[in-house]
Amino acid sequence: MEAGRRLRPWGTASRLRLVVRPGRGRHPSKMVASPQRPGKKKSAGSKRRKRGSVRWQVSDTALMCALYLLCGVVAFQVYQDENVEENLLTYDIDHLEKTLHQELVGQTLAVNRLTKLLRRYLATYVHYKPLVLSINGPTGVGKTYMGRLIAKHFRSALDPQLVLQRSLKHHSLLDLSSMVSDTLAQARLSHQVPVVLLDHVEHASPEILDLLGSLLASSDSTGAVYIFLSNVGREVISHSVLRPSAHGETTLARRISGKLARLIGRQHPVWRQVDFIPLFPLDRPHVVQCARQLMEREGFYPRDPRAEAMANGLSYYKARHRLYAQHGCKPVPYLVRRLKENRDHLGNEAARNTMEVAMTSCDAAPSHRWSAILQGEQ
């Protein structure tokens, strides 16, 4: 009775229709019988409308608001692009990049990394924190010279009072604090980003590092660019570059930056806010190129063979089938200066001999005139 009552059809004319369908999570052999109410058969369109998505009716006001919002976004993007171009033209990072590539030898990756970070930071007006860069490397790879080129560029592009370049070897805590404070105050008045370059940071005392930490923690919408130059971590850079490695130079530079951040970050909290840019050791072709550049500035022949002889007189160590200079290009300026002094001395001697021959051959000229010329030559 229970089974008959449960399977009783609706109405006298209807029949029981068994729809065989497997239950969810059951074996296919277990079938379920369900009655179907007779009546008008539903079309596929009604099922599609029932299962389909709901039709949204958008008013004209909503369309206008969306259009205005899109126009505002486009206008803001155009305005921001114009500001970016204006800022980049003000600081002229492209010219700085070109100058560093021309003057520095063997530091292409470091120059690209430096200019990329500067271009990204200086492209906007509002800054929530300063940009802190640390250029690290062994002796003679061009840290100090790179700092001079950066300071010279920003002094020509900005107000010279917005650029501060000091060595921590020769300045006390009070002097450095007052100079940095004056530079930041001038930057607030001019609404431009100041540039602070500090050389020989390895000689900084804990008090100076605490001062730098307090300056970096200050929230100023104008922002600031701090560039530290030091040889901290030079052993890590030298060992990583000189030992055999299957990675390229770009990957190697990224790995060295991570090692420096982990190693130096333990010494003081100020180093945890720094982006490290390593400078690689220079090999023998780099030393020859450096010597030729300096000799060309002093008026020597561009392809003077004495540059090769000058490079051969330096000390090297061999690694990865290359010769790396122990002191980089640091001895090269002194050697070029000595070479220039010898050239000037020989030139004065030749001029003096020519004047003596002229004095003996020309009796009409007064002697005091020739002596004055000789003194001028000397």
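A residue is called buried when its relative accessible area is under 20%, exposed when that area is over 50%, and partly exposed in between (1.4 Å probe, protein chains only). The structure to be toured is a predicted model, in which local features need pLDDT of at least 70, side-chain atom pairs count only at pLDDT 80 or more, and totals for chains, interfaces and linings use all residues. Residues are numbered from 1 along each chain as its sequence is written, and side-chain values use heavy atoms, with hydrogens and water left out.

**Stop 1: salt bridges**

Select Glu103 and Arg297, whose side chains meet in a salt bridge with an N to O distance of 2.1 Å. The term salt bridge denotes a side-chain nitrogen of Lys or Arg within 4 Å of a carboxyl oxygen of Asp or Glu. Glu103 belongs to helix α4 and Arg297 to helix α11 (residues 284-297), so that the pair links parts of the chain 194 residues apart. Helices (H or I, at least four residues) and strands (E, at least two) are DSSP runs, numbered from the N terminus. Glu103 counts as partly exposed because its relative accessible area is 23%; Arg297 is also partly exposed, at 45%. A search of the whole structure finds 9 salt bridges.

Next, select Glu308 and Arg292, which form a salt bridge of 3.4 Å, N to O. Here helix α12 (residues 306-312), holding Glu308, is linked to helix α11, holding Arg292, and the two residues are 16 apart along the chain. Then display Asp94, Glu97 and Arg119, which are joined into one network by salt bridges that share partners.

**Stop 2: aromatic rings**

Rings of Phe, Tyr and Trp (its six-membered ring) pair if their centres lie within 6.5 Å; planes under 30 degrees apart count as stacked, over 60 as edge-to-face and the rest as tilted. The structure holds 3 aromatic pairs. Select Trp271 and Phe276, a stacked pair with 6.2 Å centre to centre and 20 degrees between the planes. Both of these residues, Trp271 and Phe276, are buried. Add Phe228 to the selection, since ring pairs link Phe228, Trp271 and Phe276 into a cluster.

Move on to Tyr317 and Tyr324, a pair that is also stacked, at 6.4 Å centre to centre and 25 degrees between the planes. Is Tyr324 buried or exposed? Tyr324 is buried, at 2% relative accessibility, whereas Tyr317 is partly exposed, at 25%.

**Stop 3: two loops**

Most residues other than glycine have a negative phi. Select Asp92, which is not a glycine and yet has a positive phi of about 55 degrees. Asp92 is found in the loop between α3 and α4 (93-103), and is partly exposed, at 32% relative accessibility.

Then select His191, a residue other than glycine whose phi is positive, near 60 degrees. His191 lies in the loop between α7 (173-190) and β5 (195-199) and counts as exposed, at 64% relative accessibility.

**Stop 4: inside strand β5**

Leu197 lies in strand β5 and is buried, with 1% relative accessibility. Select Leu229 as well: the C-alpha atoms of Leu197 and Leu229 are separated by 7.6 Å, although the residues are 32 apart along the chain.
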